[in-house]
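This report describes selected helices and sheets of one chain. The sequence and the structure come first.

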Amino acid sequence: MIPQRMLTPLALAAVLAAGGAQAQETYKLAYIDPLSGPFANVGEMMLLHTRYAVEDINAKGGLPGGMKMQLLQFDSKLSAQEAQSALQAAIDQGAKAIVTGGSGSSVVTALVQSVNRWNQRNPGKEVLVLNHSSIDPEMTGKLCSFWHFQTEANTAMKMKAIANFAKKTPDIKKVFLLNQDYAHGKQWASYGRQLVGAARPDVQFVGETLHPIGRVRDFAPYVANIKQSGADSVITGNWGQDLSLLLKAASDAGYNLRYFNHSAGGVPGTVTAVSQAKLGQLTWVAEWHPGQAGTPKVDALARAYKAKTGKDFMAPRIDLTPRLLAAAIAKAGSTDTVKVARAMEGLEFDSTVGLLRMRAEDHQLLLPQVVNTIAPVDGKAVKAGWEGTNYGFRTEAVYTGNELAQGSECKMARPR
């Protein structure tokens, strides 16, 4: 449970006033992710999840002392330069924390580096980065930062879950690695070869290709290469339209492949793409999936979200990100960024997916991962369709955050 070492509202108000924060009537949180271009649907979904959580926090009394959260929104346009411009605009408007993750690890890494520089040059005006979806392990490894917190399982954790599943799936024999040509795509391929290879030494890796992110309109040439290799499975970190178009191309070629992905069903349109392709088995990993058994807290949240927004709920980790921040502010008894960051280190948080812990040494949240496959409704393993289709999600295996936790190369510099 959240530690109850919080000040009373009156005491906290006095602390805020003493710290010169009395002029800030709201705690400003800035959302920076793609709201235009090929991945706009991903960004819109993430924004809606974030907005719902912020509005729910405010409806239930806001932050200690009655302070409310205010959500600012900016379009990263999937560009590091645009994201950095948005960051400066957010800071100019008084943002004290950034919520991001849907722009890809390269963009989010650039954001964190910009925040590092800003915080070093502007003591007393620091900002935090809360990253719910960019999962390159380097971000909580060699590139870790005191100002960055990851609220999603990283690539190594997700691939370990898939490797555990592959260990008990003997029909995986020949694997092709097809990934987007950016930091996370390369990491997904690398960890796939490493962890699946260790779990299944008998598996053959028969090819590897990188392609431009968000620019390929026809994956037929890539599918032809995969088919020529004789692969029965593909480890792909593709997401959004890059995954949907890959599924379509393989289906058009009559190629029945098994795909292993990090977040496929959590992106709008993916289930529809699978249902239209009909061929192929797409297995992915998340902290929860719709229709999962034994998750009453998430189910209740999903119903409330759908009633308010009219949209389907997909990602508990995005919803919990502002709530985790609110819990850290309560624990710190202050909105001072350094104090909030220190309060978040080691914080235990009772979330809709269970009791979670933010690892202090590298700021990696340890949360469960569910290996699941998008499959036709059968009334047993898959009881309900998704996105208006007769395809839903079949649970394959569930692992705790502690089971998947990896060591870290993080050597974090902390402010005095």
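## Helix α8

In this predicted model, the buried residues of α8 are D242, L243, L246, L247, A249, A250 and S251. They pack against a set of strands and helices: the strands are β6 (174–180), β7 (204–211), β9 (258–260) and β10 (281–286), and the helices are α7 (220–229) and α9 (270–277).

Helix α8 covers residues 241–252. Because the expected rise is 1.5 Å a residue, its 12 residues should span 16 Å, and the C-alpha atoms at its ends are indeed 16 Å apart. After α8 comes G254, which has a positive phi, near 70°.

## The five-stranded sheet

An open sheet of 5 strands is ordered β2-β1-β3-β4-β5, and its pairing is parallel. The edge positions are taken by β2 (68–75) and β5 (148–150); each has a single partner strand, so one side of each has no neighbour in the sheet. On average, neighbouring strands in this sheet are turned by 25° against each other, direction ignored.

At the β5 edge, the partner is strand β4 (residues 128–131), which runs parallel to β5 and is joined to it by 3 bridges. Within this pair, N131 stands opposite Q150 in β5.

## The three-stranded sheet

A further open sheet contains 3 strands in the order β11-β12-β13, with antiparallel pairing. Here β11 (348–351) and β13 (365–366) are the edge strands, each with a single partner, so each has one side left without a neighbour in the sheet.

Strand β12 (residues 354–358) pairs with β11 over 4 bridges in the antiparallel sense. In this pairing S351 is opposite G354 of β12.

## Helices across the sheets

Helix α11 (residues 316–332) lies across β11, β12 and β13, and runs at about 135° to β11. Helix α11 also lies across strands of the parallel sheet, namely β1 (26–33), β2, β3 (97–100) and β4, where it runs at about 150° to β1. Strands of both sheets are thus crossed by α11.

Helix α12 (residues 337–344) lies across β4 and β5. The angle between α12 and β4 is about 35°. The β4 and β5 strands crossed by α12 are the parallel pair joined by 3 bridges.

Note on methods:
Residues are numbered from 1 along each chain as its sequence is written. This is a predicted model: local features need pLDDT of at least 70, side-chain atom pairs count only at pLDDT 80 or more; totals for chains, interfaces and linings use all residues. Side-chain values use heavy atoms; hydrogens and water are left out. Helices (H or I, at least four residues) and strands (E, at least two) are DSSP runs, numbered from the N terminus. The expected span of a helix is 1.5 Å times one less than its number of residues. Buried means under 20% relative accessible area, exposed over 50%, partly exposed in between (1.4 Å probe, protein chains only). Contact means heavy atoms within 4.5 Å. Two strands pair if DSSP finds at least two bridges between them. Axes are lines fitted to C-alpha atoms, for helices over the stretch in contact, and angles run from 0 to 180 degrees between N-to-C directions.
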